[in-house]
Amino acid sequence: MMLQRDDLTALARGYALLGSGGGGSTTMLELMLAGAGDWPIEVARVSSLDPATPCLGVAFVGSTMLLGERLPGLEPFARLLSAVERWIGHPVPAVCSLEGGGMNGLAPLTLAGTHIVVDADCTGRALPGLDQMSLFVDRVPGLVFACDTGADGVALVEAHRAIDAERVVRSAVIQAGGVGCAVLGGFTVGDLREHAIGGHLAHALALGRAYLGAAAAPLPILAEALGAELLAEGRIVSVAPSARDPHVNAVEISGLGGAVHRVVSRSETLAVLTDGRLVASAPTIIVVVDAVSREILEATELRLARNVAVLAVPAPEWWNARPDRRAKVLPSAYGLDDLDAA
């Protein structure tokens, strides 16, 4: 697939939808990529490449809001790429996305001038934990993570347990000031065929084009264009943190016809209830849009008196293919034990 500069807006809107309220704003990377000289960008299907081709994934880790104050350089992943290649002992010519929701969906395109961009992703949506990435979920051996530590420092961890990579990288990023870059290496294109979500960039582009084409249409038509279900429409009347976990918010929506909807979110939107009945939960991708402007909203933008609509976009089938995979992205994986769908 040949990606044109004119496709950037649609691709970014697609990744914003797949953020499920998280993943960070795509604006900064849209601006970086719009001024890049690498267009058009060829995006390779996993099946078109030699399975033995070494690959890596790139992402921004930590509080993406801080990137508005601490802008990355023109080559934000360069030092980390060098560290990974020194560790594994050979160049890595291909790159894929680690988190296909929000700003990180666009991150591999920053390397289009030097690497083969592979249309594969390790989450298919925004997720908060590095240990939730598909390569870790399926226990692919030999994975190596490099990340920023601040003051031009680099930390590198080769972890046999996924949670070790999450904890060590997270600690390093906190030391770096709360946000930084990360590079995952030690896998091949062949690993992506079984242990990642192929065709995800093409899916994001199709979603974004559908969104742009139907954004001004009535909400049921927008939902149909996205292949989504319209779950709720109404005005936000309450936003309250959970008594058990202050990082969890419950947003109450006074819906049409008197229905009461509740949207439960952490860093992403995790569940929707209508009149006390669970109607959708992760891994389903729950999207909240402004009902007037049709802006795709992040979880932090759900404020009192805002008129919103809530859509459910089907999850990547990869997560539902096996119970052990699905368990990693259910609300119970976030400590919300009573919100898992049957």
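Trainee: Over how many bridges do strand β13 (residues 269–274) and β14 pair, and in which sense?

Mentor: One caution before the reading: this is a predicted model. In general, strands of a sheet pair through backbone hydrogen bonds, either parallel or antiparallel. Here β13 and β14 are joined over four bridges, in the antiparallel sense. Within this pairing, Thr274 stands opposite Arg277 of β14.

Trainee: Which strands form the open sheet, and in what order?

Mentor: Eight strands take part, in the order β14-β13-β12-β11-β10-β17-β15-β16, with antiparallel pairing. The edge strands are β14 (277–281) and β16, each of which pairs on one side only.

Trainee: How many bridges join β15 to strand β17, and over how many does β15 pair with strand β16?

Mentor: Six bridges link β15 to β17 (residues 307–313), and these strands run antiparallel. On pairing with β16 (residues 296–297), β15 has two bridges, again in the antiparallel sense. Val288 can be used to follow both pairings: Val310 stands opposite Val288 in β17, and Leu297 is the bridge partner of Val288 in β16.

Trainee: Which way do the residues of β15 point?

Mentor: The general idea is that in a regular strand the side chains alternate between the two faces of the sheet. In β15, Ile285, Val287 and Val289 point one way, while Ile286, Val288 and Asp290 point the other way. Both sets are buried.

Trainee: Why is strand β15 described as largely enclosed by the rest of the structure?

Mentor: Buried here means under 20% relative accessible area. Six of the six residues of β15 (residues 285–290) are buried, so the strand is largely enclosed by the rest of the structure.

Trainee: Which residue in the hairpin of β15 and β16 takes a positive phi?

Mentor: Most residues other than glycine have a negative phi, and most peptide bonds are trans. The hairpin has five residues between its strands, and Arg294 takes a positive phi near 70° there. Arg294 is not a glycine. With a relative accessible area of 11%, Arg294 is buried.

Trainee: Where is Asp152 placed, and is Asp152 buried or exposed?

Mentor: Asp152 sits in the loop between β6 (144–150) and β7 (153–158). Asp152 is not a glycine either, yet has a positive phi of about 65°. Its relative accessibility is 63%, so Asp152 counts as exposed. A further positive phi, of about 50°, is taken by Ser20, just after α1.

Trainee: Which residues does a cis peptide bond join, and where is Pro283?

Mentor: One cis bond joins Trp39 and Pro40, with omega about -10°. Pro40 is in the loop between α2 and β2 (41–44). The peptide bond from Ala282 to Pro283 is also cis, with omega near 15°. Pro283 lies in the loop between β14 and β15.

Trainee: How many residues has the largest nonpolar core, and which have the most contacts inside it?

Mentor: The largest nonpolar core has 59 residues, and those with the most contacts inside it are Leu3, Leu11, Leu106, Leu109 and Leu226. Helix α1 (residues 8–18) gives the most to this core, with eight residues. A second, separate core holds 34 residues, among them Cys55, Ala59, Val118 and Ala159.

Trainee: What does Leu3 touch, not counting residues up to four places away in sequence?

Mentor: Leu3 touches Leu11, Trp39, Pro40, Ile41, Val43, Leu109, Leu201 and Leu205. Trp39 and Pro40 are the pair joined by a cis bond.

Trainee: How many of the residues of α1 are buried, and what covers them?

Mentor: Helix α1 is mostly covered, with 10 of its 11 residues buried. The buried residues include Arg13, Gly14 and Tyr15. Their cover includes β1 (2–3), α2, α7 (200–214), β15 and β16.

Trainee: How much space lies in the largest pocket, and which residues lie nearest its centre?

Mentor: The space in the largest pocket is about 1,100 Å³. Of the 46 residues that line the pocket, Gly23, Gly62, Pro128, Ser267 and Glu268 lie nearest its centre. The lining divides into 18 nonpolar, 19 polar and nine charged residues.

Trainee: Which element gives the most to the lining of the largest pocket?

Mentor: Strand β3 does, with four residues. At least two residues of the lining come from each of α2 (27–34), β3 (54–62), α5 (162–175) and β11 (249–255). Strand β11 is also one of the strands of the open sheet.

Conventions: Residues numbered from 1 in each chain as written. Predicted model: local features only at pLDDT ≥ 70, side-chain atom pairs only at ≥ 80, totals over all residues. Heavy atoms only, no water. Core = buried A, V, L, I, M, F, W, Y, C linked by side-chain atoms within 4.5 Å. Buried < 20%, exposed > 50% of the residue type's maximum accessible area, 1.4 Å probe, protein only. Contact = heavy atoms within 4.5 Å. 1 Å grid on protein atoms, 1.4 Å probe; cavity = no way out; pocket = protein on both sides within 12 Å on 5 of 7 lines; lining within 4 Å. Points joined across faces, edges and corners; volume = space filled by probe spheres on them. Nonpolar A, V, L, I, M, F, W, Y, C, P; charged D, E, K, R; others polar. Pairing = 2+ DSSP bridges.
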